[in-house]
Amino acid sequence: MADSSKPDPLSTALDNRLDELFREDDPAPAAPAAGKAKTSPLSELKKIVLSIDWEITPEALDSFSDQVRLLKEHYQGDKVILVFLQVLGSLGQYIKSSRSKVHPSTFTVLNSVFARLDEIVSTPKMAPAVRRKLLQAEMDAYQELRAKISQRRAAEPAAKPAAAIDTAARPPAPAGRPVTPEMLAGAVAELKEFIRAELDALRQLAKSAARRD
Amino acid sequence: MAFINLKSKIIQVKIVYYGPGRGGKTTNLEYIYRKFHQRINSEMVTVKTHGDRTLFFDFLPFDIGVINGYQIKIQLYTVPGQVKYNATRRLVLRGVDGIVFVADAMAVRREKNLQALKNLQENLASYKKNLHTIPWVIQYNKMDLADQGIPILDVELLERDINREFKRPAFPASAVKGTNVVATLKKIISMTVASIRKELL
């Protein structure tokens with residue numbers, strides 16, 4: 001490494017330039033220049049999506065839900081954007097409830113849905129047909145993810161018969177009744193019904209948006 | 001080795017902010033951008049792509065101007081601190097000229113600092129570089145948290161943990177408040193440019 005302790009013309013010139021560039025005489029940091037990202041209604045949501053991808057924290061997920069809710073209010077008149085936000089909201093809820101067990105494809109879908117939404121929001125003159133096409137592609141990816149999640153969840157109890165027997169042999173859980181296979185099957189059925197209902201609602205919204213456009 | 005175009009007399013210097021997750025690397029860059037963006041006439045960019053690997057880092061390029069006939073362009077990068085992003089960290093370190101190691105002064109993060117330093121050494125080794133030869137400085141960040149009653153490691157202990165072997169310039173700092181953010185930056189730029197110059201001669 002260079003010995004930077006000896007002053008020479010270059011280092012003196014460099015130090016002077018750095019002093020000039022990074023002079024800290026302003027009382028407080030200036031506000032960032034108004035750019036596209038700062039003026040976009042999605043700028044806050046974008047930060048949160050990035051931070052969730054970096055590290056999943058309860059705070060980030062709460063902020064995510066809040067932002068999606070606020071944006072739904074903001075875009076009440078735009079059905080396509082509402083469907084995108086509905087999908088993002090569902091993904092956020094799923095990440096929050098599953099945390100470490102989140103299906104690995106979830107973040108790919110989340111980022112893709114957000115990127116398409118960002119594209120639509122930042123292109124106000126986008127043709128309705130293009131908007132619908134983008135929405136449809138994301139809906140397909142979302143539905144594919146839901147199917148994968150359902151498959152994985154359905155496979156979990158079946159893949160662990162020994163664990164179920166082992167559980168039955170143990171004393172009942174302190175919370176109350178022991179979990180029986182029937183209860184598990186009921187929970188899975190309930191979950192499937194919930195997913196089906198949610199998908200139906202999203203399909204209705206998508207159709208409604210397509211008709212409106 | 002820095003990107004040097006002798007014909008057009010441009011030297012591009014890559015400086016990477018490295019350290020444990022949530023230690024304040026991005027906050028350093030955000031402060032620099034917020035405070036000086038008009039003077040350095042630049043934009044801070046968060047690069048993020050998905051595919052067969054994940055890349056995620058902050059990037060702040062700016063020109064220093066012409067010094068002794070050479071136009072010097074600085075590129076500041078941060079790397080994700082989380083363990084799972086080691087491939088990204090290694091990738092961002094490719095072609096690095098100078099490093100700011102941002103240590104977290106919170107007492108509970110002591111072990112994380114050591115892990116991050118070890119990880120830095122390992123990743124540098126993959127490029128046949130090491131902390132004894134590359135220009136680098138240390139920043140002990142979050143010193144301001146002591147005012148809030150949060151247990152902070154004192155500088156002597158941090159020096160023993162991180163800098164005993166290397167004896168590098170070190171700055172107690174608060175990236176949130178901007179304390180010593182600029183001093184850290186100026187030092188690493190000076191050291192790195194001096195090192196590049198020595199390699200050129």
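**Notebook: chain B fold and nonpolar cores**

I began with the contacts of chain B in this predicted model: of those with a separation of 6 or more, 72% join residues 24 or more positions apart.

I next listed the secondary structure. Chain B holds 5 helices and 8 strands. Their order along the sequence reads β-β-α-β-β-β-α-β-α-β-α-β-α. I also looked up burial for the chain, and 47% of the 201 residues of chain B count as buried.

I then turned to helix α5 of chain B, which covers residues 181–200. I noted a reach of 29 Å between the first and last C-alpha of its 20 residues, close to the expected 28 Å. Is α5(B) mostly covered or mostly uncovered? I found it mostly covered, with 15 of its 20 residues buried.

My next entry concerns the nonpolar cores. In soluble globular proteins, nonpolar side chains tend to be buried together. I looked up the largest such core here and recorded 60 residues. Which residues have the most contacts inside it? They are B:V16, B:F101 and B:Y140. I noted that α5(B) gives the most to this core, contributing 9 residues.

I followed B:Y140 further, leaving out residues up to four places away in sequence. I found that B:Y140 touches B:A103 and B:A105, then B:V155 and B:L158, and finally the run B:A170, B:F171, B:P172 and B:A173.

I closed with a second core, which is separate and has 26 residues. Among its members I recorded A:F64, A:L85, A:L91 and A:V113.

Methods:
Residues are numbered from 1 along each chain as its sequence is written. Chains are lettered from A and ligands numbered from 1 in the order in which they are written. This is a predicted model: local features need pLDDT of at least 70, side-chain atom pairs count only at pLDDT 80 or more; totals for chains, interfaces and linings use all residues. Helices (H or I, at least four residues) and strands (E, at least two) are DSSP runs, numbered from the N terminus. The expected span of a helix is 1.5 Å times one less than its number of residues. A residue is buried if 20 or more other C-beta atoms lie within 10 Å of its own, exposed if 12 or fewer, and partly exposed in between; C-beta atoms are placed from the backbone. Two residues are in contact if their C-beta atoms, placed from the backbone, lie within 7 Å. A nonpolar core is a set of buried Ala, Val, Leu, Ile, Met, Phe, Trp, Tyr and Cys residues joined through C-beta atoms within 7 Å.
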